[in-house]
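Student: Please take me through one part of this predicted model at close range. I would like the helix packing, then whatever in the backbone deserves a second look.

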Amino acid sequence: MAQEVQIKRVQDIMAQFVGFTAKKLPDDVIDKLKELRDKEDNPMAKTIYETMFRNQELAVKLNRPSCQDTGVLQFWVKCGTNFPLINELESLLKDAVVQATFEAPLRHNSVETFDEYNTGKNVGKGTPTVWWDIIPNSDACEIYTYMAGGGCTLPGNATVLMPGKDMKVSQNSYWIE
């Protein structure tokens, strides 16, 4: 199969996967919610759980995301050095996000911070985020996705800058020398 065809095929699969994950919570999450609902004795809390389950049913039935805030996409990629599309993977994942944004549809969440505009495609500088785990001598590839709604679940770190120290900046990193 020609590489362009392989790229498009994986992109289409990932766009469908992203759209699906926007519509359906994982089974273990649903099971835990059911367990918590069954332990609940507060009528209002039980109503909220039932509303959540109804929302999940409607999301699948109406083919729409289960939450209005589908968040900023992140991918965890566990990829072998011999995977044939390793060099194209980040680019095709970005294209898959754009495709899913219009097909699912997903809420437009990627904002170019300094230019102060929403791209309308859920992609921008640093989004989607791709976290890599490279496996030597393997041709396998596993991809996990996560929609970090509201920005509150995005990974981050904090550093206390000491007065008089030089801070160096690269594309996505800051460090002190």
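Tutor: Start with helix α2, residues 27-39, and helix α3, residues 43-62. Their axes lie 10 Å apart and make an angle of about 155 degrees. Angles over 145 degrees count as roughly antiparallel, so α2 is roughly antiparallel to α3. The crossing of α2 past α3 is left-handed.

Now look at the side of each helix that takes part. From α2 come Ile-30, Leu-33, Lys-34, Leu-36 and Arg-37. They meet Lys-46, Tyr-49, Glu-50, Met-52, Phe-53 and Gln-56 of α3. Sorted by class, the residues of this contact are 6 nonpolar, 1 polar and 4 charged. Among the nonpolar ones, with Tyr counted in that class, are Leu-33 and Leu-36 from α2 and Tyr-49 and Phe-53 from α3. The charged ones include Lys-34 and Arg-37 on the α2 side and Lys-46 and Glu-50 on the α3 side.

Set a second helix pair beside that one. Helix α1 covers residues 3-23, and helix α4 covers residues 89-103. Here the axes come within 8 Å and cross at roughly 50 degrees. An angle of 50 degrees is neither under 35 nor over 145, and it falls outside 65 to 115. The α1 and α4 pair is therefore oblique. Its crossing is right-handed, whereas α2 passes α3 in a left-handed one.

The α1 side of this contact holds Ile-7, Lys-8, Val-10, Gln-11, Asp-12, Met-14, Ala-15, Val-18 and Gly-19. The α4 side holds Leu-92, Leu-93, Asp-95, Ala-96, Gln-99, Ala-100 and Glu-103. By class, the α1 and α4 contact has 9 nonpolar, 3 polar and 4 charged residues. Gly-19 is one of the α1 residues, and Gly counts as polar here.

Next, the backbone. Most residues other than glycine have a negative phi, and most peptide bonds are trans. Several places in this chain depart from that.

Follow the chain on from α3. Asn-63 sits in the loop between α3 and β1, the strand at 72-80. Its phi is positive, about 55 degrees, and it is not a glycine. Asn-63 has 41% relative accessibility, so it counts as partly exposed.

Move on past α4. The peptide bond from Ala-104 to Pro-105 is cis, with omega near -15 degrees. Pro-105 belongs to the loop between α4 and β2, the strand at 111-112.

Two further cases share a loop, the one between β3 and β4. Asn-122 is in that loop and has a positive phi of about 65 degrees, again without being a glycine. Asn-122 is buried, with a relative accessible area of 3%. Pro-128 is placed in the loop between β3, at 117-118, and β4, at 129-135. A cis peptide bond joins Thr-127 to Pro-128, and omega there is about 0 degrees.

Finally, put these parts back into the whole chain. It has 4 helices and 7 strands. Their order along the sequence is α-α-α-β-α-β-β-β-β-β-β. Of its 177 residues, 32% count as buried. Take contacts between residues at least 6 apart in sequence: 68% of them join residues at least 24 apart. The accessible surface is about 11800 Å², and carbon and sulfur atoms account for 54% of it.

Methods:
Residues are numbered from 1 along each chain as its sequence is written. This is a predicted model: local features need pLDDT of at least 70, side-chain atom pairs count only at pLDDT 80 or more; totals for chains, interfaces and linings use all residues. Side-chain values use heavy atoms; hydrogens and water are left out. Axes are lines fitted to C-alpha atoms, for helices over the stretch in contact, and angles run from 0 to 180 degrees between N-to-C directions. Helices (H or I, at least four residues) and strands (E, at least two) are DSSP runs, numbered from the N terminus. A crossing is left-handed if the near helix is turned anticlockwise from the far one by less than a right angle, and right-handed if clockwise. Contact means heavy atoms within 4.5 Å. Buried means under 20% relative accessible area, exposed over 50%, partly exposed in between (1.4 Å probe, protein chains only). Accessible areas come from the Shrake-Rupley method with a 1.4 Å probe; for residues, only the protein chains shown count as cover.
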